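Before reading this report, take a moment to look through the sequence and turn the structure around on the screen. The text below then moves from the whole chain to its sheets, and from there to single residues.

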Amino acid sequence: GEEGVIKVWNVTGLLEGGRRPVLVLDFHRAAVVSLDWHPYDAAMLLAAARDGRASIWDVTAERDDDEEAKAAEEKLGVAELPPQLLFLHEGVREAAEARWHPGMASMAVTTGADGMCVWKPATL
């Protein structure tokens with residue numbers, strides 16, 4: 001959306017009168033301009049926003065309530081990051097599109113004012 005929020009809806013819920021998204025990812029600081037679901041993993045979503053970042057999300061992930069995991073997150077400085085965030089690619093000037101590479105499922109392609117960038121996240 002224009003406010004930098006990604007909302008995931010359950011289509012079945014909408015058909016049954018549901019009015020709330022099943023997941024709200026409030027992370028980007030500017031308009032989200034492109035979304036693309038992974039071709040083989042239905043839980044993985046690629047997004048690009050005008051804040052210069054492209055992000056990869058696992059919409060099924062939840063925060064770990066384990067005290068040891070919380071302490072590790074705080075120590076690493078990632079406690080404020082959403083648990084669904086898998087990877088963050090920065091430096092996409094005026095993002096226009098984000099797509100999964102059609103031939104290599106672990107690669108993503110972004111386009112913007114500075115051209116095209118093909119990248120492979122190390123965490124996937």
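How many helices and how many strands are there in the protein chain? In this predicted model, the protein chain holds two helices and nine strands. Followed along the sequence, these elements come in the pattern β-α-β-β-β-β-α-β-β-β-β.

**The chain as a whole**

The protein chain has 124 residues, of which 35% are buried. About 7,700 Å² of the protein chain is exposed, and carbon and sulfur atoms supply 52% of that area. Among the contacts in the protein chain with a separation of 6 or more, 46% are accounted for by residues 24 or more positions apart.

**The four-stranded sheet**

One open sheet consists of four strands in the order β3-β4-β5-β6, and their pairing is antiparallel. Its edge strands are β3, covering residues 32-37, and β6, covering residues 85-90, each of which pairs on one side only. Neighbouring strands in this sheet are turned against each other by 15 degrees on average, if direction is ignored.

Inside this sheet, β4 and β5 pair in the antiparallel sense over five bridges, and strand β5, residues 53-58, also pairs with β6 in the antiparallel sense over five bridges. Individual partners can be named as well: L45 has W57 in β5 as its bridge partner, and W57 in turn stands opposite L85 in β6. For I56, the bridge partner in β6 is F87. As a general rule, the side chains in a regular strand alternate between the two faces of the sheet.

Why can β5 be described as largely enclosed by the rest of the structure? The reason is that five of the six residues of β5 are buried, so this strand is largely enclosed by the rest of the structure.

The hairpin of β4 and β5 has three residues between the strands, and in this hairpin G52 takes a positive phi near 85 degrees.

M44 lies in strand β4, which covers residues 44-49. Is M44 buried or exposed? Its relative accessible area is 11%, and because buried means under 20%, M44 counts as buried. Leaving aside residues up to four places away in sequence, M44 touches D36, W37, H38, I56, W57, L86, W100 and L124. M44 and T60 are 16 residues apart in sequence, while their C-alpha atoms are 8.5 Å apart in space.

**The three-stranded sheet**

A further open sheet is formed by three strands in the order β7-β8-β9, again with antiparallel pairing. The edge strands here are β7, residues 97-100, and β9, residues 115-119, and each of them pairs on one side only. On average, neighbouring strands of this sheet are turned by 15 degrees against each other, with direction ignored.

Strand β8, residues 108-112, pairs with β7 in the antiparallel sense over four bridges, and the bridge partner of R99 in β8 is V109.

T110 lies in strand β8, and with a relative accessible area of 2% this residue is buried. Which side chain makes a polar contact with the side chain of T110? The partner is the side chain of W119, at 3.4 Å. Not counting residues up to four places away in sequence, T110 touches A54, H89, V92, E97, A98, G115, M116, C117 and W119.

**Salt bridges**

The count of salt bridges in this model comes to two, and the table sets out the pairs with their distances between N and O atoms.

| Acidic residue | Basic residue | N to O distance |
|---|---|---|
| D51 | R53 | 3.1 Å |
| E97 | R99 | 2.8 Å |

The surroundings of these pairs can be described residue by residue. D51 and R53 are both buried. E97, by contrast, counts as partly exposed because its relative accessibility is 34%, and R99 counts as partly exposed because its relative accessibility is 35%.

Two of these residues have already appeared above in the three-stranded sheet: E97 is among the residues that T110 touches, and R99 has V109 in β8 as its bridge partner.

Key: Residues are numbered from 1 along each chain as its sequence is written. This is a predicted model: local features need pLDDT of at least 70, side-chain atom pairs count only at pLDDT 80 or more; totals for chains, interfaces and linings use all residues. Side-chain values use heavy atoms; hydrogens and water are left out. A salt bridge is a side-chain nitrogen of Lys or Arg within 4 Å of a carboxyl oxygen of Asp or Glu. Buried means under 20% relative accessible area, exposed over 50%, partly exposed in between (1.4 Å probe, protein chains only). Two strands pair if DSSP finds at least two bridges between them. Axes are lines fitted to C-alpha atoms, for helices over the stretch in contact, and angles run from 0 to 180 degrees between N-to-C directions. A polar contact is a pair of N or O atoms within 3.5 Å; within protein, one must be able to donate a hydrogen and the other to accept it, and residues adjacent in sequence count only if both atoms are side-chain atoms. Contact means heavy atoms within 4.5 Å. Accessible areas come from the Shrake-Rupley method with a 1.4 Å probe; for residues, only the protein chains shown count as cover.
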